[in-house]
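Reader: I would like a close look at the salt bridges in this model, and at the parts of the chain that they join. Please take them in turn, and then add what you can about the surroundings.

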Amino acid sequence: MNRLLATLLLALTAIAALSAQTEGQPQQPGKGDTGRKFSLIQTDEGKRTDQKNIFGRTENFVPLQTVGRAFSDTSLLQRSDLRTPISDLTPMTALLGVGAPVALFDLFHLKQDTDVRSMRYYYAPNHKYGYDDVLMFAPIATTWGMYLGGAKGRSDTFLEAVTAQGIAIALETGLVFGGKKLTERTRPDGSAANSFPSGHTAFAFASAAILDAEYGAEYPWLSLMGYTAATVTGVARILNNRHWATDVVTGAGVGLGSAWIGYYLSDLIFKKERPQGGFLTSGDGAPWMFGIEKGSQSYLSSAGTYAPDRTGAYTGLSVRIPLYKGWGVKAQGTLLECRNTEKGTNLQGYLFLVKADYMHPFWDGRIWIDANAGLGYGSEVRLVTGDGAYEASAPLIAGSVPLSVGMGATVSLLPHFGTRLGADYLFSPTALPYARDSKKGLSGAALTLSLHYLLPR
C-alpha cells in the first residue's frame, strides 16, 4: 500500500511539474481551437472584462493562463479574483476566520474523544494502514514539483520561498514537540505518551497551506487537493487508533497557524507588501455548502433502561444544494453514539436526512440565518458492550423514519469558508424497541458546530 501511494505521489509531482513547464507556452490554434485561453468567461488574450461574478457582484475577470492540455477542463475552478490564500489574510481576518472556528471545533471534541474512539472501534476496528505516512508529504511535494517545473509562485525568489516555508515547518515542528512534551498524553492505542497534538496532521496542514500560498490563487484545484490530502491524513490518524480527535483538530490548527506566521515573517524580512483586504462579502445568493459537523445530541437518551448517562456524540457530513433564491435542499449523514459509563455500554446508530432549507443573508452575506425541515432514515440502534475496544453488540431499537426541524447561523468571513452553529430537534415515532425495557420512539435535540466549504450559486 505504501509503495503504491508513494508511486502515486511521485506521479502527482511529475504532473504538477509538467503542467508548470507548459505554462506560458503559446498554444497553436488548430481544428476546433479558437486560440483563446480557457476562462469561465471567454475574453481576448490580455484584456480584462467586467462581469457579475457568482456572488452577484461586479468583478474583473482576467484570462487564465493555460496549464497544459491535460488540465484545460479544470479552468472553471481557476477564479483567482475570488481566492485569497490563508497566508495573505490580515491578522484579524486570520484570527477570526480560521483560528476561532478551529478552536471552537476543538472545544466541541473535548468531552467526546472517547465517543469518537468508540465509533472507530465499532465501524473500523481492524483499520491499520500506513497511507497517512506518505499522504502527509503530498502537498509539499506538489509545491516543489511546481517550483522545479518552472511555475511562478507567490515567492519571488528561491531564498524567499525557503525562508517562508522553513519558518513555517520549523515553527510547526517546535509547537508539536513542545506540546507532546508538556502534555504527555497517552495515545488511544496505549503505545506511547506523546499523543497531543498530531504531528502528521500538523505537517500535512502546514504543507497544504504552503501549497495554497504559493499556487492557490492561480491553481485553486491544487489547493483543494492539498487540503483534501491533509484532511484524509488527519482522519487516518484516528482510524489507525494513533490519535484522539482533539489531537487531530489541534494539529490542523497548529499547521495552518504556522504557515501563516511563516509567510507573515518572510514578508517582513524581504519587505514585501502584503494585501490589505478585509472580509470578502458574498452578496445575497445562497451558496452551495459542503461541511463536516460535530456536536452533542440527546436523541439516543430516550432508549429506556440502556439510555446513556450523558449526552452523546453527533458526527457527520452535509451538503447543501441551492435551488431558487434562498431555497435549497440539504442532505446529511450522521453517526450517533452515546455512552453509559456506569453500565460500561454505549449505543451506536446513524441517520441519513434530506431537508428543505431556506437561508437569508445579513451583513452583506457575512452571516446567514437558515431554517430547515425534513425526514430520512434512522438505522437500527445497537447496544455495544466493552470498555474501550469493541467486544460485542446486540440490536436494541429497529430502524425508523426520523423527522427533523432545525435552524442555524453561518458566519462566512473568508472566501469559500464558513462556520455554522446549528440546533435541531429529532423525532422518530416509528422507532420500535426489540427489548421490553426500551421505550417506543426516539426523540431529542442536537447542538452542532460545523466547518463548511462554500461555493456561491
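Author: The model is a predicted one, and in it the count of salt bridges comes to 13. A few of these can be followed pair by pair.

One of them is formed by Arg185 with Asp113, whose closest N and O atoms are 2.6 Å apart. This pair links distant parts of the chain, since Arg185 sits in the loop between helix 6 (158–183) and helix 7 (199–215), while Asp113 belongs to helix 3 (residues 113–123), and the two residues are 72 residues apart. The two partners differ in their cover: Arg185 counts as partly exposed because its relative accessible area is 25%, whereas Asp113 counts as buried because its relative accessible area is 6%, under the 20% cut-off. The helix that holds Asp113 is itself mostly covered, with nine of the eleven residues of helix 3 buried. The buried residues of helix 3 include, besides Asp113, the charged side chains Asp115, Arg117 and Arg120, together with Val116, Ser118, Met119, Tyr121 and Tyr122.

A second salt bridge is the one in which the side chains of Asp132 and Arg237 meet, at 2.7 Å from N to O. Here too distant parts of the chain are linked, with Asp132 in helix 4 (residues 131–135) and Arg237 in helix 8, 105 residues apart. In this pair both Asp132 and Arg237 are buried.

A third salt bridge brings together the side chains of Asp267 and Arg154, again with 2.7 Å from N to O. Asp267 lies in helix 9 and Arg154 in the loop between helix 5 (138–148) and helix 6, so this pair ties together parts of the chain that are 113 residues apart in sequence. Both Asp267 and Arg154 are buried. There is also a network, in which salt bridges that share partners join Lys152, Asp156, Glu160 and Lys272.

The second and third pairs lead to two helices that can be considered together, as Arg237 is in helix 8 and Asp267 is in helix 9. The axes of helix 8 (residues 220–239) and helix 9 (residues 245–269) come within 9 Å of each other and cross at roughly 150°. Because an angle over 145 degrees counts as roughly antiparallel, helix 8 is roughly antiparallel to helix 9. The crossing of these two helices, helix 8 and helix 9, is right-handed.

Turning from the charged pairs to the surface, a nonpolar patch is formed there by Leu224, Trp288, Phe290, Ile321, Leu323, Tyr324, Trp327, Tyr358 and Tyr453, with about 900 Å² of accessible area together. The elements that give two or more residues to the nonpolar patch are strand 3 (288–297) and strand 4 (312–324), and strand 4 gives the most, with three residues. Leu323, which is found in strand 4, counts as exposed because its relative accessibility is 55%.

One further position may be of use when inspecting the strands. Thr385 has its place in strand 8 (residues 381–385), and with a relative accessibility of 31% Thr385 counts as partly exposed. The C-alpha atoms of Thr385 and Gly344 are separated by 6.6 Å, although these residues are 41 residues apart along the chain.

Notes: Residues numbered from 1 in each chain as written. Predicted model: local features only at pLDDT ≥ 70, side-chain atom pairs only at ≥ 80, totals over all residues. Heavy atoms only, no water. Patch = residues over 30% accessible without salt bridge, like charges linked within 9 Å, V, L, I, M, F, W, Y side chains within 5 Å. Areas by Shrake-Rupley, 256 points an atom, 1.4 Å probe, with all protein chains shown as cover. Salt bridge = Lys/Arg side-chain N within 4 Å of Asp/Glu carboxyl O. Helix = DSSP H or I, 4+ residues; strand = E, 2+ residues; numbered from the N terminus. Buried < 20%, exposed > 50% of the residue type's maximum accessible area, 1.4 Å probe, protein only. Axes fitted to C-alpha atoms, helices over the stretch in contact; angles between N-to-C directions. Parallel < 35°, antiparallel > 145°, perpendicular 65-115°, else oblique. Left-handed = near helix turned anticlockwise from the far one by under 90°.
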